[in-house]
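Student: I'd like to go through this one with you and ask how each label is earned. Can we start once it's on the screen?

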Amino acid sequence: MMSSPRYDMIVIGGSAGSIPVCISLLKALTHNQHIPVVLIIHRMRNVVSQLDKLLTREAGSVKITEPEDKQAITKGKIYLAPQNYHLLFEEDHSFSLDYSDAVHYSRPSIDVSFESAGRAYGNRVLAILLSGANADGAEGLSYLSDIGADCIVQDPNSAQYPTMPSSAIALEKNIRIMTEAEMITFLQEL
Amino acid sequence: MNNVIGLNPKPQLSTQAFEQLLHLLHHVYGYDFSGYSKASLLRRIYKFMDVQGVTDGQQLIQLLAGDTSVFHSFLETITVNVTEMFRDPGFYKSIREKVLPVLATYPQINIWHAGCSTGEEVFSLCILLYEAGLLHRTRIYATDINASYLEKARTGVLPMTHMREYTLNYQQSGCTGDFSDYYTALYDHVLIHREIRERVVFLQHNLVTDRSFNEFQLILCRNVMIYFNKQLQNKVLKLFHESLSSLGFIGLGMKESLLFSEYRSKYSVVDGSVKIFRKKS
């Protein structure tokens with residue numbers, strides 16, 4: 001009999017350069033059937049994107065979908081924040097989309113989704129911030145850490161673009177720094 | 001002044017304070033936000049609190065109760081919406097290829113663009129209609145809850161900043177002309193030509209409380225209902241249903257759908273990938 005999971009939500013943020021690491025993490029989560037996973041990846045807007053299909057193909061086993069507005073969040077499913085919207089979490093555990101100003105030139109913004117995940121799921125969130133070339137995600141991660149959620153950043157020394165993880169570390173001391181291999185092990189053991 | 005150095009603590013609103021706030025807004029100022037999506041409404045309220053340097057609900061309520069000008073600035077923050085010309089070019093391509101040929105069979109075309117913000121998407125639609133030779137017999141009613149946005153939209157003036165991106169969007173929408181023929185550049189702004197705008201009437205309309213005012217062959221309401229909860233979405237879809245003529249079209253945002261609503265059986269899918277639907281009868 002499996003014990004109940006420690007987390008009710010896993011959020012993973014990064015820029016487009018973090019997609020290879022993201023795929024490794026998704027593979028490490030193949031066994032996961034209990035926790036919904038939401039990816040917030042910086043991407044172009046107003047261009048046709050097949051990122052959901054690409055991730056599904058590369059990660060294998062689970063279909064990765066872009067949620068529609070007010071769609072209910074299901075355990076064990078993997079969601080990708082759609083282009084050109086901010087992705088928010090409702091208290092009833094459904095998604096809401098928001099089309100307001102970009103944050104850190106980004107929509108979807110990792111800060112926006114991380115903070116919203118914290119407001120809806122409290123300390124039952126696990127947040128992972130990967131590589132990226134701007135500071136989006138740092139403030140959101142700091143908020144999550146403040147409310148007692150577990151936060152992990154990719155080791156800036158191993159990140160392709162270290163600004164994103166470094167900003168988070170500068171803002172908040174109480175987060176765990178892990179290499180890609182360490183993150184994979186951590187997720188496999190969930 | 002409320003000076004806080006470093007990162008401000010995130011504002012927090014208890015459920016009780018949130019309810020009090022909604023009550024105040026409804027009964028003192030006449031705006032009912034009870035059907036709004038709580039996640040995005042709260043995000044905007046927190047943003048306003050941050051700017052005002054207010055961290056708890058009672059302070060916010062006192063501030064709003066005591067000063068109408070604060071309320072107006074609050075309303076601006078809550079109803080703020082960004083917009084782009086030819087947002088989602090694939091949507092406009094589909095309107096051009098699948099909807100306009102049908103609209104062309106009507107002697108007079110009525111369109112409602114609900115939640116038009118500062119008008120960028122309205123002008124985009126006007127350009128499509130112009131290129132299809134339909135604009136002169138079309139009347140477009142463009143509505144928004146926010147009066148200051150409508151004021152801006154009526155001027156036809158847009159910032160120059162995004163014109164390069166809009167030009168790319170225009171080209172990807174399958175349009176055939178030269179985008180720069182439709183505006184005149186004035187320093188850091190552009191003016192959309194009058195002949196493109198002259199068939200548009202900008203009107204203030206609140207989707208939550210106001211009723212239908214005409215019958216339309218096409219309704220566009222893109223990325224407005226995402227701010228509403230499911231019940232309010234259904235109420236607004238009812239309003240649209242009653243305002244659409246038989247076999248009329250409705251176009252939504254890329255991640256909005258009728259298929260989860262009470263109205264799914266009353267519409268056929270014209271283009272599922274860009275969310276264009278058609279009333280069955």
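Student: What makes residues 1-6 of chain B a stretch with little backing from the predictor, going by pLDDT?

Tutor: pLDDT is the predictor's confidence in each residue, from 0 to 100, and over residues 1-6 of chain B it stays under 50. The model gives that stretch one contact beyond four places in sequence, a contact being two residues whose C-beta atoms, placed from the backbone, lie within 7 Å. This is a predicted model, where local features need pLDDT of at least 70 and side-chain atom pairs count only at pLDDT 80 or more, while totals for chains, interfaces and linings use all residues. Residues are numbered from 1 along each chain as its sequence is written, with chains lettered from A and ligands numbered from 1 in the order in which they are written.

Student: And what is the mean pLDDT of chain B?

Tutor: The mean is 93, and 97% of the residues of chain B reach 70 or more. For the complex, the predictor gives an ipTM of 0.89 and a pTM of 0.92.

Student: Why are α1 and α6 of chain A called roughly parallel?

Tutor: Helices here are DSSP runs of H or I with at least four residues, and strands are runs of E with at least two, numbered from the N terminus. Axes are lines fitted to C-alpha atoms, for helices over the stretch in contact, with angles from 0 to 180 degrees between N-to-C directions. The axes of α1(A) (residues 19-28) and α6(A) (residues 180-188) cross at roughly 25° and come within 8 Å. Angles under 35 degrees count as roughly parallel, over 145 as roughly antiparallel, 65 to 115 as roughly perpendicular and the rest as oblique. So α1(A) and α6(A) are roughly parallel.

Student: Which residues of α1(A) meet α6(A)?

Tutor: Val21(A), Ser24(A), Leu25(A) and Ala28(A) do, and their partners in α6(A) include Met183(A) and Leu187(A).

Student: What makes β6 and β9 of chain B edge strands?

Tutor: Two strands pair if DSSP finds at least two bridges between them. The open sheet of chain B has seven strands in the order β6-β2-β1-β7-β8-β10-β9, with mixed pairing. β6 (200-204) and β9 (267-271) of chain B each have a single partner strand, so one side of each is left without a neighbour in the sheet.

Student: How do you know that β9(B) pairs with β10(B)?

Tutor: They share four bridges, in the antiparallel sense. In β10(B), Phe277(B) is the bridge partner of Val269(B).
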